[in-house]
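The following report describes selected features of a multi-chain model, taking one chain after another.

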Amino acid sequence: MTARLRTLARVPGAVVGAFVLMGIIGVALAASQLTGPDPLEIAGPPFLWPGEDAAFVLGTDIMGRDILAGIVHGARISLEIGLAAGLAAAAVGLIVGAVAGYFGKWVDQVLMRFAELFQIMPPLLFTIVLVVVVGPTIGVIIAGIVVTSWPQVARLVRAEAMRLKRSEFIQAAVVIGMNDRAILLKHVAPNVLSPAVVMISILAGNAILTESALSFLGMGDPNVMTWGNMIGSGREALRSAWYMTAIPGFAVLVTVTALNLLSNGVNDLLNPRRRAWL
Amino acid sequence: MSEISLPTEERSERGLGLRWLSLPRIPYWVQRVLQAVPVVLLIVTMNFFLMRLAPGDMADVMAGESGVVSMDYVEHLRHSFGADQSVFAQYISYLGNILHFDLGWSFRNGQPVATLILERLASTGFLMVTALAISILCGCTLGMIAGLTRRRSVDLFISVASTIGFAAPLFWLGLMLIVLFSVTLAWLPAGGMSTLGAPATGIAGVLDIARHMVLPTLCLAIYYMAIYTRLMRASVLDICGQDFVRTARAKGASRLRTAWHHILPNSLLSMVTLTGLQLGALFSGSITIETVFAWPGLGQLALSAVASRDLNLLLGILLVSSIFILLVNLLTDLSYALLDPRVEASA
Amino acid sequence: MNHSLAPGSEPILSVENLTVSFRSDAGWRPVVRDLSFSIAPGETIALVGESGSGKSVTALSIMRLLPEDARLQGNARLGGLDLAALPEKALQKIRGNDVAMIFQEPMTSLNPVRTIGFQIAEALMLHRDMTPPEAQAETLRLLDRVRIPSAKSRFKDYPHHFSGGMRQRVMIAMALAGRPKLLIADEPTTALDVTIQAQILELIKLLQDEEHMSVLFITHDMGVVADVADRTVVMFEGQAVETGETGRIFSAPTHPYTGSLLAAVPRLGAMTGRHRPLRFPVVDRVTGLSNIPRGTPDTVKADAPPVLEVSNLTTRFDIQSGSFGRVTGRVHAVENISFSIQPGETLALVGESGCGKSTTGRSILRLVEPERGEIRVDGEDILRLPKNRLRDLRRRVQMIFQDPFASLDPRRSIGASVAEPLLTHKLASRAAAAERTVALLHQVGLTPDMARRLPHEFSGGQRQRICIARALAVQPKLIVADESVSALDVSVKAQVINLLLDLQASMGLAYLFISHDMAVVERVSHRVAVMYLGEIVEIGPRAAIFGNPQHPYTRRLLAAVPVPDPSNRRGGRRLPEVETVSSVRPLGYAAPVRSYREIGPGHLVQAWGPEWDVPEIEAAPHVAIQHDRFQSEHVNAGALS
């Protein structure tokens, strides 16, 4: 147990990130209990600065909606989008990368050309096009993010799968008579899983950023309260009431920072620095 | 990069090292260009199908745009745009148009899409290149310092700062900068590319544009600086563990000399390919930044296309920006091949 | 401890009570403990030990190049200077100047993006106050001195233009730049082929004489020690267990560990007069008592049909450029080779890197697809087998790989790994497979309770045993052992070889034993095939190949093997300066038609062309001597049989 604690102490950033994230998850889960069920409801007078009225700790927006309620409910949407997009992109990237790296040759060429296609397309612009063509729902937004972010994972996993393929234990698996499918499932996949898992939280962070940018540009799902929507609507009063913009933006910043810290720390744990000659 | 595709067992046999052999082969740049062709085709194809995916066909959209409701006119449009032909025939004619850089007509703007895009390309490119230059320069320096310093506090500070920079929503950062520098301090303009009514020529004009550029560039640069800092730091740490660094130290080179002559060239080399890969994200960033700072570039054009439901224009922008990024990627790969002596054998 | 020095000379380096510890979770962990030795001017000291004995750490602590989480205690004096107390600035004046170092990995020790000219000139400009043109001229002179041909044209070349041996020469040139008093050579030849190793060792000796350098030679190879060292320090778990004159250490080791180490060293020529493979004696590390190795029974079934027949096997690889690349050249990895193996027989395939021996092994398992030829296993041509019937092949032929650390899935328990072949071939139910696994582990000398552990909990030798157990699971008739003991420490190597010999005796296994190590091959094999550039140049009974080698390449290979006997040094013998030749050919290259001569029963030699004459003339006296010695041994062997 103490050994585990010592290991964790080596990556203080990850510990901080994990705690902050657990806090955000807790708040998101208890959103309705904390602030009432509907963040879109007009709760009081508009343009209340934070601290001005004890009933609205973070103040109210242009229309008199409770900013705290928006933050708390927005956390839920942000986390859902982050988790769904992160998991899906990691899964797609894992499968494509493992298959491309393991089989190589033309399979690799074809899959990597697709990865290149989605990697060079500006992710935000592609998601905007998708929203315009299909419609502004959370599902479409997640799909757009996944489509443009899986190649990062695929490249990473592919490099690892190529390295594994050369390694002697995969050769040994061939020699004992296993077929490609069994080798991919039993030997390749488990060994490329960890880089993909580490990527999930970075991807989740990116997804949250992309969604907030979309909402800010007015292309988010209009039926839910998101941090991006709040920044977008607060912008109209930027000069007089900048807190309406600052608070939800800060929430995004904290959440994404926590996710990145966690990812960095886990990565450091899995790939400890071997040595340095300088 | 491109290695001779030998079965690995032959390569791994101790010291066979085929790499020092130079063999006559297809030049690297030809290979790389050939690899880009299917990607361009994929981009164009995807654009075509996205257009078809939109509710109603193009004729409906255009009829709506031009405000004419007569069915005859819609039929006429349909025929003139080939929408009554088979999907395949439409696809072929679309490909032909693209080859002639004919991206269609923007009814809302009453101009060809290609013209609209070309008008805006320069200002977006200007913003991106400036931001990219700043972020590469500062990012690589900071990353190098963080990776090499023995003072944990310095490394920690740079790392934490870059983690936060990496996590801040760009548009929000822009808004906050406006609040601070334009609203509160009133030092810099909050948007646009130049002051209305001010002299647009001479030194005064240049200075005016420069003043307008400070905030959007800074904002865009901060995010990519954070990325480059992280990448450079990781690369430096990785290279510090390589055997040749030990060799340099063993021959008596100082830490500084080793860093400058041995670590830096290797780290910068690994940054080159990453630059190309970051461009898509940089362009996305520039879309939001242009909106925040009312910068008259492609991003703004795209958003106005969304607002007016001008799908033709929007897809044109997606196509042009993707191909543009592909070309830059190609260039960085080729320059990598020029810069890295190890690729020379295949060049 | 023996501190005797050449009379009247101050030591160049004296190390006293050196202790090096690394910080770990559990506090300071000592890696080198209380080590003392000294080096006189012009002397060569060998630091010898197995992996983890702390020898490389010792070298790095003399250079003060240890990582920051290391702690150094004790004294290391260079002339009058206390190295342990010097500030960084003063150390930089010493490194590469008074003390220079070369490393084990010539492939990675040079900066890939700087020219070798820059890297050598850098050392000159750092220590000898030269202007760039002076440094360039001196670099060319140094390249000449390390015998790099046409130095002038190579000044601007990058490391990847050089082979491993040539890179090590560049490293040596760099080390000579500061005219050091002491050269530390950390396993400088371990990554090189045996003929290249011999050349590098000779070069170091030659330069040492010219420069009057002292050399601290770090190695695990007793043969190299015997060849180069005046005095030897034997290290075990961070401590010097024995220090003394090299001849004395070899003839009369006092410490039991030294004895056990020496007993496990295979010696070329030790098998003269024996017909069957021989187990290694096992020496107790504490008591120093040795057993007499048990003889092996005659396992070869000479009358039975062969278990493997390879005829006219050819495997080539295309060198393509990129994805749309046309074929621009071909590696003729295996070129028209034929041999067979009887049940219970060990055929060794020897040769240097790139000779195609591994590709031959892989072709037999169809890990690579041969271009033409026949491979008959139990009479069935497996090259005609469709892909889906390859499973049958893989029940009859198994393989053990080189790297025991890479050949087990790090995420699967070793029990699961060993049971995997049984389940894949549906040879047993899950429960039965578990039982079989226990039996297999027992058979290779491991305990059943280890089945639940993960590979990282095992040592290299244990892992190789696990790999053997996995190969045995399907009860194969033939095992291809591809450099299977090459990565193991010498004492572990001896144990694994003993296990392989025991298994051959009990199960009647046939082995295709692929190895670059001539001494090991002599010990384990019944017959030997020598490969060069994809072809078998000589094949025959072990005694004939080692006792009466005919082909110039076989002779060169045998002559280059370091002999672990300080009284029989190569001193002054000139070896031919040969560069590695590769088997990459242009398209449309037609391999020459070869003919073979039968020298003795089953002993075939490829007829060689005039290209072999040149190096032989250069090396004539030496090869002649070798030849005579082997000739006489062969006669002896003949007389005994």
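## Sheet, helix packing and interface

In this predicted model, chain C contains an open sheet of 6 strands in the order β6-β7-β8-β3-β9-β10, and the pairing within that sheet is mixed. The edges are taken by β6 (99-102) and β10 (239-245) of chain C, each of which has a single partner strand, so one side of each is left without a neighbour in the sheet. Direction ignored, neighbouring strands of this sheet are turned against each other by 15 degrees on average. Within the sheet order, β3 is followed by β9, and these two strands of chain C, covering residues 44-48 and residues 231-236 respectively, pair in the parallel sense over 4 bridges. At the level of single residues, V48(C) has V234(C) in β9(C) as its bridge partner.

In chain B, the packing of two helices can be described in some detail. The axes of helix α8 (residues 170-184) and helix α11 (residues 255-293) of chain B come within 9 Å and cross at roughly 30 degrees. Because angles under 35 degrees count as roughly parallel, α8(B) is roughly parallel to α11(B). The crossing in which α8(B) passes α11(B) is right-handed. On the side of α8(B), the residues that meet α11(B) are L170(B), F171(B), G174(B) and L175(B), while α11(B) contributes G285(B), T288(B), I289(B), T291(B), V292(B) and F293(B). The residues of this contact divide into 6 nonpolar, 4 polar and no charged.

Chain A has 11 helices and 0 strands. Of its 278 residues, 56% count as buried, and the C-alpha trace of chain A spans about 75 × 55 × 40 Å along its principal axes. Among contacts in chain A between residues at least 6 apart in sequence, 70% join residues at least 24 apart.

Chain A also touches chain C, with 19 residues of chain A in contact with 23 residues of chain C. On the chain A side, the elements that give two or more residues are α1 (2-9), α8 (168-175) and α9 (180-216), and the largest share, 6 residues, comes from α8(A). The make-up of this side by class is set out below.

| Class, side of chain A that touches chain C | Number |
|---|---|
| Nonpolar | 10 residues |
| Polar | 6 residues |
| Charged | 3 residues |

Note on methods:
Residues are numbered from 1 along each chain as its sequence is written. Chains are lettered from A and ligands numbered from 1 in the order in which they are written. This is a predicted model: local features need pLDDT of at least 70, side-chain atom pairs count only at pLDDT 80 or more; totals for chains, interfaces and linings use all residues. Two residues are in contact if their C-beta atoms, placed from the backbone, lie within 7 Å. Ala, Val, Leu, Ile, Met, Phe, Trp, Tyr, Cys and Pro count as nonpolar, Asp, Glu, Lys and Arg as charged, and the others, Gly among them, as polar. A residue is buried if 20 or more other C-beta atoms lie within 10 Å of its own, exposed if 12 or fewer, and partly exposed in between; C-beta atoms are placed from the backbone. Axes are lines fitted to C-alpha atoms, for helices over the stretch in contact, and angles run from 0 to 180 degrees between N-to-C directions. Angles under 35 degrees count as roughly parallel, over 145 as roughly antiparallel, 65 to 115 as roughly perpendicular and the rest as oblique. A crossing is left-handed if the near helix is turned anticlockwise from the far one by less than a right angle, and right-handed if clockwise. Two strands pair if DSSP finds at least two bridges between them.
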